[in-house]
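This briefing goes through one protein chain, from its overall build to single residues. Keep the sequence and the 3D view open while reading.

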Amino acid sequence: MRTSMLRTLACRTSTAGTRRGFASESAPDRKVAILGAAGGIGQPLSLLMKLNPLVSRLALYDIAGTPGVAADVSHINTRSEILGYAGEEQLGKALEGADVVIIPAGVPRKPGMTRDDLFNINAGIVKSLCTAIAKYCPHALVNVISNPVNSTVPIASEVFKKAGTYDEKRLFGVTTLDVVRAKTFYAGKAKVNVADVIVPVVGGHAGVTILPLFSQATPSANLSSEEIEALTKRTQDGGTEVVEAKAGKGSATLSMAYAGAIFADACLKGLNGVPDVVECSFVQSTVTDLPFFASKVRLGKNGVEEVLGLGALSDYEKEGLEALKPELKSSIEKGIKFANA
């Protein structure tokens, strides 16, 4: 699905001689709002969502810089109308009528920072934005990218509960980048076509809370326990790998934008009634004893149609599952405490 989406976009945007880049008149009108659209993730994410034929209106919001991003992206010959909004006084207009809201807003990681180091700044941003979502588009599907996701998703849930608008089927922590990395790293080690690879990633979205289930990967490969352990560690440390490689000049913005666009596309397909749309996401869950957990989720017209179970785990994965629970529990509680302070 992921590669086919971008391949379709590349083919369709080549129709330079026509006024419409997409034959998408039959697709329902869908408004997507990106909050933090002028940032490191927000700009490439805005580009990728402009390429998506399922989007009819794309609202780009940030505290500053959005008019320029909107003007730039608006020149692309695809279906969606682009609207740029800057400053808190325009946030309501950006959100009104949105079917999907994507939140990449916040500060990026820098060398030596953990996701928890980002907490105090990004937690406040997410709380403020979700207060506005509850007021202006309470029925939208909300895709939270802002880190630490293990805490910001619980914050969002508490804000929506206070506003009386919470629907657990419509709130998602975007963990798709963990899946993207796991697929890429697995394909390289197993020497298989990455386009054919499926790897579920469960747990949370930080360090040891990220648990790729390589025992369930397809196509299957006869990898050693040492190779599996190394792949798991690399998937868990993928963000740090990019932060260090950028040497203080950024974090995983481009791959995160790609992952965010993939998950938003899945949400739109679900809303439009496409059957059997399944992605991993950090959602309210009863899969474990924790209130939020990332696992495979079937998406539909109301958001979450079904939270799927973990399936059979290897002994290594069972150990990893138990090892991640205390940290994930602490991060969830930290978010809930912040929201209710």
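Helices and strands here are DSSP runs, with at least four residues for a helix and at least two for a strand, and they are numbered from the N terminus. With these labels, Pro-219 can be placed in the loop between β8 (210-212) and α8 (225-236). The model is predicted. The protein chain holds eleven helices and eleven strands.

**Overall build**

- The radius of gyration of the protein chain is 19 Å, which agrees with the value near 20 Å for a compact globule of 341 residues.
- The C-alpha trace spans about 55 × 50 × 40 Å along its principal axes.
- Of the 341 residues in the protein chain, 54% are buried.
- Among contacts with a separation of 6 or more, 71% are between residues 24 or more positions apart.

**Surface and charge**

- About 14500 Å² of the protein chain is exposed, and 53% of this area comes from carbon and sulfur atoms.
- The protein chain has 37 positive and 34 negative charges, and the mean positions of the two sets are 5 Å apart.

**Nonpolar cores**

- The largest nonpolar core has 47 residues, and those that touch the most other members are Leu-35, Leu-95, Val-101, Ile-103, Ile-133 and Phe-160.
- Helix α5 (residues 119-136) gives this core its largest share, eight residues.
- Another core, of 41 residues, lies apart from it and includes Ala-37, Leu-45, Leu-48 and Leu-299.
- Leaving aside residues up to four places away in sequence, Leu-35 touches ten listed partners, among them Tyr-61, Leu-91, Pro-104, Ala-105 and Leu-129.

**Helix α2**

- Helix α2 (residues 42-50) is largely enclosed by the rest of the structure, because seven of its nine residues are buried.
- The buried residues of α2 are Gly-42, Pro-44, Leu-45, Ser-46, Leu-48, Met-49 and Lys-50.

**The loop between β5 and α6**

- Ser-146 sits in the loop between β5 (141-144) and α6 (149-163).
- Is Ser-146 buried or exposed? The cut-off for buried is under 20% relative accessible area, and Ser-146 has a relative accessibility of 3%, so Ser-146 counts as buried.
- Beyond residues up to four places away in sequence, Ser-146 touches Ile-103, Pro-104, Ala-105, Val-126 and Thr-152.
- Pro-148 also has its place in the loop between β5 and α6.

**Backbone exceptions**

- Most peptide bonds are trans, and most residues other than glycine have a negative phi.
- Asn-147 and Pro-148 are joined by a cis peptide bond, with omega about 0°.
- A cis peptide bond also joins Thr-218 and Pro-219, and its omega is about -10°.
- Lys-191 is not a glycine, yet its phi is positive, about 55°. Lys-191 is found in the loop between α7 (176-190) and β7 (201-203).
- Ala-247 is not a glycine either, and it has a positive phi of about 50°. The place of Ala-247 is in the loop between α9 (238-245) and α10 (254-271).
- Why do Lys-191 and Ala-247 count as exposed? The cut-off for exposed is over 50% relative accessible area; Lys-191 has 73%, so Lys-191 is exposed, and Ala-247 has 58%, so Ala-247 is exposed.

How values were computed: Residues numbered from 1 in each chain as written. Predicted model: local features only at pLDDT ≥ 70, side-chain atom pairs only at ≥ 80, totals over all residues. Heavy atoms only, no water. Rg over C-alpha atoms; globule rule 2.2 N^0.38 Å. Buried < 20%, exposed > 50% of the residue type's maximum accessible area, 1.4 Å probe, protein only. Contact = heavy atoms within 4.5 Å. Areas by Shrake-Rupley, 256 points an atom, 1.4 Å probe, with all protein chains shown as cover. Lys, Arg positive; Asp, Glu negative; His and termini not counted. Charge placed at Lys NZ, Arg CZ, Asp CG, Glu CD. Core = buried A, V, L, I, M, F, W, Y, C linked by side-chain atoms within 4.5 Å.
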